[in-house]
Amino acid sequence: MKNPPSLDQLISALRVLPGVGPKSAQRMAYHLLQRDKPGAEKLARALEHALSHIGHCQRCNTFSETPLCALCADPARRQDQLCVVEMPADMLTLEHTQSYDGLYFVLMGRLSPLDGIGPRDLPLEKLAHRALDGAVREVILATNFTAEGETTAHALSELLKGHGLTLTRMARGLPVGGELEHTDPGTLAQALFERRGVTGG
């Protein structure tokens, strides 16, 4: 017996979520249709609203409903520091430490040759334009301490060196292989305070 085509389409759509395989997607679809139709409708409306209203901040590239996100529009933030992170979740995690008052740039990913993600797949030109706007003095490379994060940090240092910027890397208060999103605020704060220079900066 086969599923109705619309059910197969829903299961297939749910599989685009990270970590969701065919069995999990099937359980989710059955649950939404049988147990929680109001929840399914809420999810559908939220997705439609997000897709039509959320874009990227013109300055830092994070998700935003306005041309400038709230952080970039805040005049109290330091304009001379730019912290480069992989994802919006990393930016929010750093903000929770309350130890950094500069601005950010969000790559929306990281270099990962094994996954086919190369320099052309990241907004490196936009980052360079932002970092070299004349106001930024220090660029903090806050990519994760994974192999991909280190590769990304190296590529960014090569991109930005030789332009009079101070390039720093967060100190290894973070565990090797760890990701910012899952690190406690105290460890993140210490890593920010103990950031170090990047060779060639």
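1. Pocket lining. In this predicted model, the largest pocket is lined by L10, A13, L14, V16, L17, M28, L32, L33, A40, L43, A44 and L47. Three elements each give two or more residues to that lining: α1 (5–14), α2 (22–34) and α3 (37–53). The largest share, four residues, comes from α3.

2. Pocket volume and character. The volume of the largest pocket is about 310 Å³. Sorted by class, its lining holds 12 nonpolar residues, with no polar and no charged ones. Any probe set chosen for this site should be read against that composition: no charged residue and no polar residue is in the lining.

3. Packing of α1 on α2. The axes of these two helices come within 8 Å and cross at roughly 125°. The angle lies outside both the 65 to 115 range for roughly perpendicular and the over 145 range for roughly antiparallel, so α1 and α2 count as oblique to each other. Their crossing is right-handed. On the α1 side the contact is made by L7, L10, I11 and L14, and on the α2 side by P22, A25, Q26, M28, A29, Y30 and L33. By class, this contact has 10 nonpolar residues, one polar and no charged.

4. Overlap of contact and pocket. L10 and L14 of α1 take part in the contact with α2 and also line the largest pocket. M28 and L33 of α2 likewise appear in the contact with α1 and in the pocket lining.

5. Packing of α5 on α6. Helix α5 covers residues 124–131 and helix α6 covers residues 147–160; their axes come within 11 Å and cross at roughly 50°. The two helices are therefore oblique to each other. The crossing of α5 and α6 is right-handed. L124, L127, A128 and A131 of α5 meet L156, L159 and L160 of α6. By class, the α5 contact with α6 has seven nonpolar residues and no polar or charged ones.

6. Overall layout. The protein chain comprises seven helices and seven strands. Read from the N terminus, the order of elements is α-α-α-β-β-β-α-β-α-β-α-β-α-β. The run thus opens with three helices followed by three strands, after which helices and strands alternate. Along its principal axes, the C-alpha trace spans about 65 × 35 × 35 Å.

How values were computed. Residues numbered from 1 in each chain as written. Predicted model: local features only at pLDDT ≥ 70, side-chain atom pairs only at ≥ 80, totals over all residues. Heavy atoms only, no water. 1 Å grid on protein atoms, 1.4 Å probe; cavity = no way out; pocket = protein on both sides within 12 Å on 5 of 7 lines; lining within 4 Å. Points joined across faces, edges and corners; volume = space filled by probe spheres on them. Nonpolar A, V, L, I, M, F, W, Y, C, P; charged D, E, K, R; others polar. Axes fitted to C-alpha atoms, helices over the stretch in contact; angles between N-to-C directions. Parallel < 35°, antiparallel > 145°, perpendicular 65-115°, else oblique. Left-handed = near helix turned anticlockwise from the far one by under 90°. Contact = heavy atoms within 4.5 Å.
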